[in-house]
Amino acid sequence: MRADTSQQPPTSRTDERGPDQYRVTACRICGGNALREFLSLGTMPIPNGFLARAELHHQEPRYPLSVTVCTSCWLVQLRHVIPPELMFRNYLYIPSTSRTMLQHFARFADEMVRRHGLAREDLVVDIGSNDGTLLRFFREYEVRVLGIDPAENLAQVARLQGVETLETYFSSKVAAHVRQQYGRARLITATNVLAHIDTLHDACDGIRTLLAPDGACVCEFPYLPNILEQNEFDTIYHEHLSYFSLQPLIRLFNDHGLTLVDAEPLSVHGGSLRITVTQASARRAPSPAVSRFLNDEQRRGLPTLPPYEAFARRVAAIQTQLVARLQDVRARGGRVVGYGASAKGNVLLNSCRIGPDLIEYIVDSIPYKQGRYTPGTHIPIFPEKRLENDTPECVLLLAWNFTDEIQAKLSGYLDRGGQLITHVPTPHRVGARLPSPAPAMTATDR
Ligand code: JHZ
Ligand code: ZN
């Protein structure tokens with residue numbers, strides 16, 4: 001199915017034109033206008049807008065990046081929503097480049113098939129299916145699979161791997177088309193995509209249309225309490241429009257004849273949550289874990305302003321500490337390089353104004369990014385192997401969501417006396433002891 005821009009979901013609000021265009025004036029879930037801004041990260045280029053050398057002198061559009069909390073339903077959301085086609089038409093996030101994510105998706109598919117008793121010919125639809133990585137694991141169980149993703153480049157890769165993919169954004173209209181053409185889905189998956197959707201109400205109507213009466217919709221996303229507790233401010237960027245806790249999500253699903261029936265913690269992407277949603281008509285009671293997570297959100301004060309104000313103060317301190325640490329290394333004649341040319345890394349670099357004067361180069365495993373430069377800061381990107389024969393004093397971990405995987409690759413560098421540092425939850429040397437943070441929700445807390 002060719003990209004049908006008429007499928008693109010309507011923006012959910014009126015844009016205020018002018019220097020502050022794309023400014024959000026109404027909450028995405030409750031429609032209220034009581035949006036309280038608690039953190040600004042300055043203006044930012046497109047998070048995955050890696051540049052070829054010939055583009056370095058081009059004017060790079062930058063957009064305000066600040067985050068608000070709705071004091072009615074307590075959804076945390078960006079103050080500005082930039083047009084999705086600027087970010088997703090030629091998308092550069094590919095989960096299949098990471099062993100961590102491949103293992104995660106293999107386990108996910110196996111658990112879903114067993115937990116939901118998926119049988120041959122049952123339909124599994126993946127919203128934001130990217131390069132088809134997750135659906136390839138489902139296909140091994142001989143269920144029918146269908147991907148939905150707007151990125152032309154990734155949809156082509158998925159099709160070449162035998163994963164049928166509709167090249168479009170998910171919407172209630174697309175859901176009706178899929179139901180008519182393929183039937184209703186026993187399982188709908190959405191991993192790291194719910195936060196990218198502006199029109200959540202339309203998406204929920206689509207889920208209710210497409211989901212079979214006994215079906216399940218399973219979503220994974222970085223969980224707000226972890227973002228706050230671990231100071232993961234660099235996961236705030238223009239792709240991620242919302243930062244979810246359960247309270248506003250439950251309200252959203254209930255508004256659309258859906259019920260959030262389960263929630264479980266995941267370690268990926270800095271601490272995520274996996275939720276299960278069913279048709280309300282299935283009358284499935286929420287598991288005890290749902291009320292445990294809700295009680296924990298209340299205990300953390302999430303429906304009040306202080307936790308967000310305290311987070312903003314910690315972010316400012318971390319930015320200052322990190323830059324000072326890098327400047328100190330450089331002042332002593334040491335060299336610093338980065339590892340993982342990630343979207344979150346670009347937020348860190350741009351918001352801290354860290355450029356080639358502090359970080360000489362970045363290594364990354366994705367061939368498309370190698371030979372390019374980071375957006376806004378113009379730091380060159382090289383293949384990982386460059387660090388096999390180079391020993392800068394410090395490597396700054398920009399893809400900290402893959403610390404273990406990357407630390408293992410750096411064993412030679414570390415043996416040569418190199419230092420791997422990260423800024424999450426505060427600037428420190430990886431492997432050095434940290435003061436223990438407040439206990440997060442763990443699997444046993446379910
Ligand atoms: P990456 C991702 O964002 C994707 P990002 C997405 N934006 C999302 O929602 C959040 O997580 C939750 C490289 N790398 O893309 C590959 C190595 O070089 O996972 C990537 O370029 N060597 C949908 O962009 C980058 O790091 C390695 O061994 O913040 C990873 O960044 C590994 C494992 C990765 O995060
Ligand atoms: Zn709201």
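The following is a short conversation about the cysteines and the zinc ion in a predicted model.

Biologist: Which residues are the protein donors of the zinc ion (ligand 2)?

Modeller: The donors are the SG atoms of Cys27, Cys30, Cys70 and Cys73, and they lie 2.2 to 2.3 Å from the zinc ion. A donor has to be within 2.8 Å of the metal, so these sulfur atoms qualify. Along the chain, the donors follow the spacing C-x2-C-x39-C-x2-C.

Biologist: What makes the arrangement around the zinc ion (ligand 2) tetrahedral?

Modeller: The 4 donor atoms subtend angles of 98 to 120°. Four donors count as tetrahedral if all angles lie between 85 and 135 degrees, so the arrangement is tetrahedral.

Biologist: Why is cysteine 70 called buried?

Modeller: Buried means under 20% relative accessible area. Cysteine 70 has 0%, so cysteine 70 counts as buried. Cysteine 73 has 3%, so cysteine 73 is buried too.

Biologist: How many disulfides does the structure hold?

Modeller: The structure holds 0 disulfides. A disulfide is a covalent bond between the sulfur atoms of two cysteines.

Biologist: How do you know that the sulfur of cysteine 217 is too far from the closest cysteine sulfur for a bond?

Modeller: The closest cysteine sulfur is in cysteine 219, and the distance is 3.9 Å. A disulfide needs the two sulfur atoms within 2.5 Å, so this pair does not count as one. Seen from cysteine 219, the closest cysteine sulfur is in cysteine 217, again at 3.9 Å.

Biologist: Are cysteine 217 and cysteine 219 buried or exposed?

Modeller: Cysteine 217 has a relative accessible area of 0%, so cysteine 217 is buried. Cysteine 219 is also at 0% and is therefore buried.

Methods: Residues are numbered from 1 along each chain as its sequence is written. Chains are lettered from A and ligands numbered from 1 in the order in which they are written. This is a predicted model: local features need pLDDT of at least 70, side-chain atom pairs count only at pLDDT 80 or more; totals for chains, interfaces and linings use all residues. Side-chain values use heavy atoms; hydrogens and water are left out. Donors are N, O and S atoms within 2.8 Å of the metal (3.2 Å for Na, K and Ca); water is not among the atoms, so sites may look incomplete. Four donors count as tetrahedral if all angles lie between 85 and 135 degrees; four count as square planar and six as octahedral if opposite donors are over 155 degrees apart and all others between 65 and 115; anything else is irregular. Buried means under 20% relative accessible area, exposed over 50%, partly exposed in between (1.4 Å probe, protein chains only).
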